[in-house]
Amino acid sequence: MRMSRVVLVGALFALCTLLAGAGWAAEGDIVFERKGGAESGFPPTVFPHWVHRIRFKCYACHPAIYEMKKGVADVSMDAIQRGESCGVCHNDRIAFGVSVDSCNRCHAGGQ
Amino acid sequence: MTHAHTIVAVAAAGYLAALLGVGCSSTNREDVLSTVFDGVVPESVPPRRRTRRDLLREIEDLKRELAQAKAGMAASQEEAAPKEPERPIEQAKTWEAAAELLPKDADGNVDWDQALKDGAIGPRPGADPNAKDEDTLQLDVERIPADGEMFKAVFSHEVHTVWLACASCHPEPFQMAGGATPMSMEQINGGQGCGLCHGTVAFPATSCGPCHPAMGG
């Protein structure tokens with residue numbers, strides 16, 4: 001699978017404004033777009049900051065896991081399954097891990 | 001054979017048997033044999049051939065040990081991370097539901113600092129359950145733009161260091177030297193600098209008061 005890339009927050013803001021009506025998007029959401037363009041039919045991942053913010057302080061992730069800079073984070077299934085990036089917590093110990101049942105919890109973009 | 005011969009033969013046999021018995025027993029063997037020989041080969045018990053029963057018993061022992069070890073690990077893990085009561089907001093399934101549980105500031109934006117003080121949220125300092133909260137920094141930084149004193153902005157380190165560590169912002173995107181990093185509302189509204197967070201995960205720049213004391217509501 002090609003690696004994902006964080007898109008400009010400006011575009012995200014517009015997207016969120018559109019999605020806000022759907023009742024799902026929130027401020028701070030980051031949509032990951034695949035570098036190679038739309039791949040298969042698998043929905044892109046939307047990272048919801050609010051879900052994480054209510055549980056962790058900013059410095060739990062920034063900059064220890066993620067630089068506060070757009071476009072540099074390695075967010076890919078490879079990294080996650082190695083225990084890096086999202087996988088630092090999403091490993092079935094601190095938070096839900098990768099499994100057949102959990103795909104939709106992240107890959108829910110476009111809803 | 002005469003009687004005497006028989007007696008002697010029996011006695012000799014008995015004597016030899018006694019010698020053998022004493023000499024061959026593992027306790028006295030060395031002492032007895034070393035009276036005649038220089039060295040005695042140490043007795044080593046050849047290992048008994050392991051039967052199926054032995055193996056099965058070993059398996060049971062190992063299984064028991066494993067179960068004990070797992071139970072021990074689980075117990076220590078539970079001790080290390082005591083289950084905190086889950087806050088209602090952590091069960092919210094949508095942002096709308098969560099936002100309802102969060103206090104708002106004067107401009108109607110979510111007031112995260114108040115949420116923290118109220119206990120509506122309980123953000124942890126790290127994934128590690130033993131992680132400690134970082135200290136806050138008491139340091140206000142003022143910026144007076146070219147437009148004039150009225151637009152002076154005051155940045156409170158104290159408020160920000162509740163959430164962020166030094167490395168979160170320094171030196172990228174903010175240089176440590178005061179006044180060194182160019183800033184503008186345009187930049188902020190474009191999602192750079194302060195706008196990385198303000199407008200995304202913190203109150204948007206449409207709320208003037210918190211940063212510009214002279215422009216507060």
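**Figure 1. D61(B) and R64(B) meet in a salt bridge within one helix.** In this predicted model, the side chains of D61(B) and R64(B) pair at 2.9 Å, N to O. Both residues belong to helix α3 of chain B, which covers residues 52-80. They sit 3 residues apart, about one turn of the helix. How accessible is D61(B)? D61(B) has 34% relative accessibility and counts as partly exposed. R64(B) is partly exposed too, with a relative accessible area of 48%. Side chains of opposite charge can pair when their charged atoms come close.

**Figure 2. K152(B) and E142(B) form a salt bridge in chain B.** The closest N and O atoms of this pair are 3.5 Å apart. The bridge links distant parts of the chain. K152(B) lies in the loop between β1 and β2 (153-156) of chain B. E142(B) lies in strand β1 of chain B. The two residues are 10 residues apart. E142(B) is partly exposed, with a relative accessible area of 49%.

**Figure 3. R50(B) pairs with E58(B).** This is a salt bridge, and its closest N and O atoms are 2.4 Å apart. Is E58(B) buried or partly exposed? E58(B) counts as partly exposed, at 37% relative accessibility.

**Figure 4. Three charged residues of chain A are linked in a network.** Which residues take part? They are D74(A), R82(A) and E84(A), linked by salt bridges. A search of the whole structure finds 6 salt bridges over all chains.

**Figure 5. A nonpolar patch lies on the surface of chain B.** Its members are L137(B), L139(B), V141(B) and F155(B). Together they have about 300 Å² of accessible area. L137(B) sits in a loop of chain B, between α5 (112-118) and β1 (140-143). Why can L137(B) belong to the patch? Patch residues need over 30% relative accessible area, and L137(B) has 40%, so L137(B) passes that cut-off. With this value, L137(B) is partly exposed.

**Figure 6. Residues of both chains line the largest cavity.** The structure holds 2 cavities of 30 Å³ or more. About 30 Å³ of space lies in the largest one. From chain A, the lining takes E27(A), H49(A), W50(A) and R53(A). From chain B, it takes W95(B), W112(B) and V201(B). Which element gives the most to this lining? Helix α2 of chain A, residues 49-53, does so with 3 residues.

**Figure 7. Chains A and B are shown element by element.** Chain A has 4 helices and 3 strands. From the N terminus on, the elements of chain A run β-α-β-β-α-α-α. Of the 111 residues of chain A, 41% count as buried. Chain B has 8 helices and 2 strands. Along the sequence, chain B follows the pattern α-α-α-α-α-β-β-α-α-α. Buried residues make up 22% of the 217 residues in chain B.

**Figure 8. The predictor scores chain B and the complex.** Chain B averages a pLDDT of 87. In chain B, 93% of the residues score at least 70. For the complex, the predictor gives an ipTM of 0.71 and a pTM of 0.64. Where pLDDT is low, the predicted coordinates should not be read in detail.

Key: Residues numbered from 1 in each chain as written. Chains lettered and ligands numbered in written order. Predicted model: local features only at pLDDT ≥ 70, side-chain atom pairs only at ≥ 80, totals over all residues. Heavy atoms only, no water. Patch = residues over 30% accessible without salt bridge, like charges linked within 9 Å, V, L, I, M, F, W, Y side chains within 5 Å. Areas by Shrake-Rupley, 256 points an atom, 1.4 Å probe, with all protein chains shown as cover. Salt bridge = Lys/Arg side-chain N within 4 Å of Asp/Glu carboxyl O. Buried < 20%, exposed > 50% of the residue type's maximum accessible area, 1.4 Å probe, protein only. pLDDT = per-residue confidence, 0-100. 1 Å grid on protein atoms, 1.4 Å probe; cavity = no way out; pocket = protein on both sides within 12 Å on 5 of 7 lines; lining within 4 Å. Points joined across faces, edges and corners; volume = space filled by probe spheres on them.
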